[in-house]
Amino acid sequence: MNFPKIEKSNEILDVVIKKVRKTKDYQRNEMAVKYISLYQIEITERLTNVLSKLPDYQTTNKYYSMMFKNICPQTTMDKYKNHISKSVSVINKLSERYKRQLLRLLANKKDRYKKEGFVKLKKEYVGRLASVLKRLDNTFNKLLILEKEFRRIATPRFELRTIVLTGLPNSGKTTYLSMITEACPEINSYAFTTKALNLGYFKRRQVMYQVVDTPGIIHKEFKEMNAIEKQAIAAIKGLADLVVFVYNPNLDKEEQEEILRVIKENNLEKKVVVSSTYGKDARLDGEENITMEELLESYPVEKKDLVSKKQ
Ligand SMILES: Nc1nc2c(ncn2[C@@H]2O[C@H](COP(=O)(O)OP(=O)(O)O)[C@@H](O)[C@H]2O)c(=O)[nH]1
Ligand SMILES: [Mg+2]
C-alpha cells in the first residue's frame, strides 16, 4: 500500500534552499517578502503532502484498519500527524511575522536600500524555520521505521470473491496457493516463511476469485499474537468470503483442531471449511472437508457484504 516518502529535516531544507537560491530575483530587497513566501510554500506543501498520505484509520475498511492497528496504534499515528500539522501552523505564523517585519523595513525610506537589515532578517527567518523542522526529526524517524511495515501491507481487490487460507505454520498454505493460482510465493520448510499476505487469482466460469495466503497461526488469544500472525486475523475478518483451514496430517492433529475451533468461534459469521495439499484422505472428522478440485470447480463462494468492503 501507499505511504508517503519520509524525508528528514536536513533533506527537506537542502532541497528547498537550493530551489530558493535558483530564483535570483528574490534575493533583492523589494522581493524579500516573496523570498519568505517561497520558503513557506515549499516547506508547508511538503509537510501537508506527507500528512495527506499518512494512513487514515477512520475512513478505511475493516481490513486496512486492522492492518494499520497491528503496526501502529491510532493514537500514536495521531500524535505524529498532530506534530506535523502543528509545525505547519507554526511555520505559517513565523513566515507571516517575518513578512510583516520585512514590509516595515521596506516602508522605511532610509532603510529600504540597505542590504544588511534584509539579510539579517532573512537569515534569522531561515534559522527559525530550520529549528522548527529539526524538532520534527523525532517524528520523522519514527515514521521512517513504520514506512517499511506499512508498505508491506498487501493491496487486495475488495470487489472479488475472496478465499482466505489459514492454518498452523508449515501446514501447506503457501503451497496450496501456488497450486490453485498463478502466484509463485516463497515456500520453505521452516515456520513463518510467509511474513505478509500473498495474493493469487483463479478464474472459474468467467468469474475471478481471489486467494489470500496468510502467515501461520500458533496463538489462540489475539493479544498473544505477534504482528505477523495478526495479519492472518485481519485477512479472515476483513477479506474472507470463505475461510479454508489448510490441514496437514503430519502436524499435531489436536493443535490444528484447537486453532480451527478458535477461528470458528471468533468468526461465527464466516464459512470455514477444511482442505489439504495432502489429498482427499487428509481430513478432519466432524468438519466440512473439501478438496482442492471442488474449490476450483464448484464450491460456492458468495460475496456477502460488498458495501462494507469499500476501499
Ligand atoms: N510431502 C508434501 N510436502 C508438502 C505438501 N504441501 C506442502 N509441503 C511442504 O511443507 C512445507 C511447508 O509448506 P508451506 O506451503 O510453506 O507451508 P505454510 O507455512 O503453511 O505456508 C514445505 O517444505 C512444503 O514443500 C504436500 O502436499 N506434500
Ligand atoms: Mg506460508
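**Figure 1. Arg261 and its salt-bridge partner in helix α9****.** In this predicted model, Arg261 has a relative accessibility of 38% and therefore counts as partly exposed. Its partner in a salt bridge is Glu265, and the closest N and O atoms of the two residues are 2.6 Å apart. Both residues belong to helix α9, which covers residues 253-266, and because they are four residues apart there, about one helical turn separates them. Glu265 is likewise partly exposed, with a relative accessible area of 47%. Elsewhere, Lys19, Glu42 and Arg46 are joined into one network by salt bridges that share partners.

**Figure 2. The salt bridge between Lys120 and Glu124 in helix α5****.** Side chains of opposite charge can pair when their charged atoms come close. Here the side chains of Lys120 and Glu124 meet at 3.9 Å, taken from N to O. The two residues lie four residues apart in helix α5 (residues 115-134), a spacing of about one turn of the helix. Lys120 is exposed, its relative accessible area being 55%, whereas Glu124, at 29%, is partly exposed.

**Figure 3. The salt bridge between Arg161 and Glu302****.** The side chains of Arg161 and Glu302 meet in a salt bridge with an N to O distance of 3.4 Å. Arg161 is found in strand β1 (residues 161-166) and Glu302 in the segment after α10 (292-297), so this pair ties together parts that are 141 residues apart in sequence. Arg161 is partly exposed, with a relative accessible area of 26%, and Glu302 also counts as partly exposed, at 47% relative accessibility.

**Figure 4. A positive surface patch that includes Arg100****.** Arg97, Arg100, Arg104 and Arg128 together form a positive patch on the surface. Helix α4, which runs over residues 74-107, supplies the largest share of this patch, namely three residues. Arg100 has its place in helix α4, and with a relative accessibility of 47% it counts as partly exposed; a residue can belong to such a patch only with over 30% relative accessible area.

**Figure 5. The whole protein as the setting for the close-up views.** The secondary structure of the protein comprises 10 helices and five strands, and a search of the whole structure finds 17 salt bridges. Along the principal axes, the C-alpha atoms fill a box of roughly 95 × 40 × 30 Å. The radius of gyration of the protein is 28 Å, whereas a compact globule of 311 residues would have one near 19 Å. Of the 311 residues, 48% count as buried.

Notes
Residues numbered from 1 in each chain as written. Chains lettered and ligands numbered in written order. Predicted model: local features only at pLDDT ≥ 70, side-chain atom pairs only at ≥ 80, totals over all residues. Heavy atoms only, no water. Patch = residues over 30% accessible without salt bridge, like charges linked within 9 Å, V, L, I, M, F, W, Y side chains within 5 Å. Areas by Shrake-Rupley, 256 points an atom, 1.4 Å probe, with all protein chains shown as cover. Salt bridge = Lys/Arg side-chain N within 4 Å of Asp/Glu carboxyl O. Lys, Arg positive; Asp, Glu negative; His and termini not counted. Charge placed at Lys NZ, Arg CZ, Asp CG, Glu CD. Buried < 20%, exposed > 50% of the residue type's maximum accessible area, 1.4 Å probe, protein only. Rg over C-alpha atoms; globule rule 2.2 N^0.38 Å.
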